[in-house]
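Here are some short exercises to try with the sequence and the 3D view side by side. Have a go at each task before you read its solution.

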Amino acid sequence: MGAGDLNGDGIGDLLAQDKANNLYRYDGTGKGTFKARVKLFGNWGGSYDAIVGVGDITGDGKADIVSRDTSGAVWRNNGNGKGSFGGRTKIATGWQGYKGLF
């Protein structure tokens, strides 16, 4: 997923989750390619059915992500501006009726 500038270098980055539920960051190079992946979390997001990079929704100047789990709870992980995220915070419930988050 495209998640904006996660590491504060002014270039867009990507997040990817593998089948083992590891979350990785790929730093953009500004040349249409990406650097080698960096593991952010192991055993992350196995219950999520939708994840989206939302930009800065906390007003702190750092890109955040929002995830929805299969029970319909919506979670926010605050970006730290250095390429990773803090722990999750529940921000809504009852969203299981929506097909996705965009």
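**Exercise 1.** In which loop is asparagine 21 found?

*Solution.* Keep in mind that you are looking at a predicted model.
- Step 1: Look for strand E2, which covers 13–17, and then for strand E3, which covers 23–26.
- Step 2: Asparagine 21 sits in the loop between these two strands.
- Step 3: Now check its backbone. Phi of asparagine 21 is positive, about 65°, although the residue is not a glycine. As background, most residues other than glycine have a negative phi.

**Exercise 2.** Find the loop that holds asparagine 43 and describe its phi.

*Solution.*
- Step 1: Asparagine 43 lies in the loop between strand E4 (38–41) and strand E5 (48–55).
- Step 2: The phi of asparagine 43 is near 50°, a positive value, and this residue is not a glycine either.

**Exercise 3.** Sort both asparagines into buried, partly exposed or exposed.

*Solution.*
- Step 1: Recall the cut-offs: buried is under 20% relative accessible area, exposed is over 50%, and partly exposed is in between.
- Step 2: Asparagine 21 has a relative accessible area of 22%, so it is partly exposed.
- Step 3: Asparagine 43 has a relative accessible area of 70%, so it is exposed.
- Step 4: For the protein as a whole, buried residues make up 35% of the 102 residues.

**Exercise 4.** How many helices and how many strands does the protein have?

*Solution.*
- Step 1: Count the elements: there are zero helices and eight strands.
- Step 2: Written along the sequence, the pattern is β-β-β-β-β-β-β-β.
- Step 3: Compare the overall dimensions with the globule rule. The radius of gyration is 13 Å, close to the 13 Å that the rule gives for 102 residues, so the protein is as compact as a globular protein of that length.
- Step 4: Along its principal axes, the C-alpha trace spans about 40 × 30 × 20 Å.

**Exercise 5.** Which strand has the lowest mean pLDDT, and which the highest?

*Solution.*
- Step 1: Begin with the whole protein, which averages a pLDDT of 94, with 100% of the residues scoring at least 70.
- Step 2: Among the elements, strand E1 (residues 2–4) has the lowest mean, 88.
- Step 3: Strand E7 (residues 74–79) has the highest mean, 96.

**Exercise 6.** Describe the surface and the charges.

*Solution.*
- Step 1: The accessible surface comes to about 5,700 Å², and 50% of it belongs to carbon and sulfur atoms.
- Step 2: There are 13 positive and 10 negative charges, and their mean positions are 5 Å apart.

Key. Residues numbered from 1 in each chain as written. Predicted model: local features only at pLDDT ≥ 70, side-chain atom pairs only at ≥ 80, totals over all residues. Heavy atoms only, no water. pLDDT = per-residue confidence, 0-100. Helix = DSSP H or I, 4+ residues; strand = E, 2+ residues; numbered from the N terminus. Rg over C-alpha atoms; globule rule 2.2 N^0.38 Å. Buried < 20%, exposed > 50% of the residue type's maximum accessible area, 1.4 Å probe, protein only. Areas by Shrake-Rupley, 256 points an atom, 1.4 Å probe, with all protein chains shown as cover. Lys, Arg positive; Asp, Glu negative; His and termini not counted. Charge placed at Lys NZ, Arg CZ, Asp CG, Glu CD.
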